[in-house]
Amino acid sequence: MDALSRAGPRRARGRLGAASPGARAAAAPWARFSAWLECVCVVTFDLELGQALELVYPSDFRLTDKEKSSICYLSFPDSHSGCLGDTQFSFRIRQCGGQRSPWHAEDRHYNSGAPMSLQREPAHYFGYVYFRQVKDSSVKRGYFQKSLVLVSRLPFVRLFQALLSLIAPEYFDKLAPCLEAVCNEIDQWPAPMPGQTLNLPVMGVVLQVHVPSRVDKPEYSPPKQCSHENLLPAPVVLTSVHELDLFRCFQPVLTHVQTLWELMLLGEPLVVLAPSPAMSSEIVLALISCLQPLKFCCDYRPYFTIHDSEFKEFTTRTQAPPNVVLGVTNPFFIKTLQHWPHILRVGEPKMSGDLPKQVKLKKPSRLKTLDTKPGLYTAYSAHLHRDKALLKRLLKGLQKKRPWDTQTALLRRHLLELTQSFIIPLVRPGREGEGAEGHGPRLTPLPHQEHYMASLMPLQKSITPWKTPPQIRPFRQDDFLRSLEHAGPQLTCILKGDWLGLYRRFFKSPHFDGWYRQRHKEMAQKLEALHLEAICEAQNIETWMKDKSEVEVVDLVLKLREKLVQAQGHQLPVKEATLQRAQLYIETVIGSLPKDLQAVLCPS
């Protein structure tokens with residue numbers, strides 16, 4: 001089979017631009033498949049070419065040459081890993097051509113309801129790999145080496161690993177016909193909808209998953225089975241589509257979890273050197289999940305090789321290391337990335353008494369080349385004191401042989417509470433919900449909005465129907481830092497340390513910039529929605545129109561239409577009744593205008 005002939009022109013789906021009706025009709029059979037996956041790839045080892053793309057399915061999905069090359073190199077462990085048998089890992093690559101906008105309304109709808117950390121990637125692809133390497137005398141090289149790769153924009157690592165565990169062994173035995181049947185089954189799945197529990201049939205098994213919603217409580221656990229359905233066979237329930245076993249991932253670094261949390265919070269460059277792609281990718285994904293519910297706003301690569309197209313960009317010494325978390329397995333990176341401020345080297349898990357052997361904190365000057373021992377090589381001094389009580393509880397759990405999912409829940413809850421304690425103190429001194437000058441309640445932007453940000457919203461009485469909404473007040477770091485003495489994280493967290501210094505460094509990080517931009521956007525949308533509601537609740541639009549010029553009336557029509565378009569695109573949080581009333585207002589206002597203007601505003 002021609003390796004690249006199956007990877008022809010990317011099929012005409014709306015995400016790549018407007019397509020003709022005929023092209024849309026042709027793409028329709030794969031619309032549901034595309035809600036979950038971009039494509040499925042098979043990568044094999046060719047004696048002349050090395051890693052080669054053997055198959056892309058659906059066959060008309062187009063990958064650029066650079067994307068093909070990246071997928072090929074990242075789908076195989078490098079020679080230092082020595083992975084025999086079956087292994088799973090993941091990677092993340094930059095999409096060529098830059099960011100593409102969402103491809104249809106359902107995509108935007110998913111993102112509007114999904115947690116920030118689980119939204120579709122607009123400019124990157126995830127690759128979920130099932131690699132098999134076994135002895136085979138029928139092959140010239142003596143080994144069967146092949147990878148099945150699921151390419152998606154969704155960060156559902158647990159779901160896609162489970163899916164690969166079902167289909168990859170079968171595919172390696174039966175090849176293409178099996179893969180085509182599986183893709184057709186996925187094309188029958190319902191689209192991922194935040195907040196819903198879905199049953200996903202594949203190869204005689206039903207995977208039951210809960211798609212997280214931004215309104216879920218952090219400790220949400222999905223139902224064991226939908227009570228209203230009698231499914232045969234009984235579904236395989238996945239407790240999460242994305243969460244990894246944190247305790248297992250962090251085994252060798254439990255004593256440094258808090259330091260690593262701070263490095264992630266500050267968006268510091270970090271290299272994770274592990275013995276295998278499975279270990280490197282899991283540790284990197286576990287590290288970026290430490291910040292939930294905050295979105296990780298920096299770049300990260302769960303598995304990265306010297307063949308990656310960004311290799312030169314990330315290893316150059318002519319500028320400061322980028323804000324990236326890299327997972328690598330080749331010791332060559334120790335020398336190449338010696339100038340990076342933080343390098344975590346881990347070995348194969350080994351037990352030291354009841355606790356997995358812990359890596360030590362070491363100075364960067366201790367870094368050697370190929371014989372560098374496991375350790376966290378950094379000059380960084382943590383701002384917060386280590387939580388010794390947490391380590392004691394985890395050690396006690398090991399001694400009592402407590403289930404690992406319980407240990408993971410304990411560790412995850414600790415990190416969640418640490419992040420929440422850091423974010424919640426964004427509050428001004430005084431009673432929550434009261435304006436800075438005490439002139440009545442301020443508008444609460446959103447139920448989850450941080451308190452300091454809420455104090456930046458204008459007073460509710462300042463929102464009037466016929467005036468432009470007032471501006472959101474600027475975020476002033478000094479005001480916030482002064483408030484910490486009376487309303488700081490000490491109210492919700494027992495940890496001591498230099499919280500003030502940690503906030504100061506956070507303000508300079510990409511995560512503060514990303515967090516603030518998103519919060520400001522949500523607040524601005526809330527203001528627009530409240531302004532629209534104020535207009536629709538006004539009872540005297542005819543009175544307002546009496547002394548207004550035609551220019552002012554037309555301006556109102558255009559602004560109302562703009563707000564309607566935003567609201568209908570799920571960008572404004574307004575009720576359906578408000579939208580209907582706004583449409584009625586538009587019709588009323590247009591009806592009062594001269595016929596020539598009506599023809600301009602409502603062309604037939």
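A salt bridge is taken here as a side-chain nitrogen of Lys or Arg within 4 Å of a carboxyl oxygen of Asp or Glu. In this predicted model, E38 and R153 meet that criterion, since their closest N and O atoms are 3.3 Å apart. Because E38 lies in the loop between α2 (31-36) and β1 (39-46), while R153 lies in the loop between β5 and α5, the pair ties together parts of the chain that are 115 residues apart in sequence. Both E38 and R153 are buried.

Across the whole structure, 20 salt bridges are found. Among them is the contact between R132 and D86, with an N to O distance of 2.9 Å, which links distant parts of the chain, R132 being in strand β4 (residues 124-135) and D86 in strand β3, 46 residues apart. R132 is buried, with a relative accessible area of 16%, whereas D86 is partly exposed, with a relative accessible area of 35%. The side chains of E310 and R301 also form a salt bridge, at 2.9 Å from N to O, and both of these residues are buried. E310 and R301 belong to a network of salt bridges that also links R92, R94, E121, D299 and E313. R92, a member of this network, lies over the face of Y300, at 4.1 Å from the ring centre; R120 is placed over the face of Y110, at 5.2 Å from the ring centre.

Aromatic contacts were examined next, and the search of the whole structure finds 32 aromatic pairs. One of these joins F89 and Y303 in an edge-to-face arrangement, with 5.4 Å from centre to centre and 75 degrees between the planes. F89 is in strand β3 (residues 85-94) and Y303 in the loop between β10 (299-301) and α10 (311-315), so far along the chain that 214 residues separate them. Both F89 and Y303 are buried. F144 and F172 likewise form an edge-to-face pair, at 5.8 Å centre to centre and 80 degrees between the planes, linking strand β5 (residues 143-152) to helix α5 across 28 residues. F144 is buried, with a relative accessible area of 18%, and F172 is buried at 7%. Ring pairs further connect a cluster that includes W261, F422, F475 and Y503.

In the largest nonpolar core, which has 114 residues, W36, L148, F156, L159, F250, W261 and F475 touch the most other members. Helix α5 (residues 157-174) gives the most to this core, with 10 residues. A second, separate core of 25 residues includes A529, L532, M545 and L564.

How values were computed:
Residues are numbered from 1 along each chain as its sequence is written. This is a predicted model: local features need pLDDT of at least 70, side-chain atom pairs count only at pLDDT 80 or more; totals for chains, interfaces and linings use all residues. Side-chain values use heavy atoms; hydrogens and water are left out. A nonpolar core is a set of buried Ala, Val, Leu, Ile, Met, Phe, Trp, Tyr and Cys residues joined through side-chain atoms within 4.5 Å. Buried means under 20% relative accessible area, exposed over 50%, partly exposed in between (1.4 Å probe, protein chains only). Helices (H or I, at least four residues) and strands (E, at least two) are DSSP runs, numbered from the N terminus. Rings of Phe, Tyr and Trp (its six-membered ring) pair if their centres lie within 6.5 Å; planes under 30 degrees apart count as stacked, over 60 as edge-to-face and the rest as tilted. A charge sits over a ring if NZ of Lys or CZ of Arg is within 6 Å of the ring centre and within 35 degrees of the ring normal.
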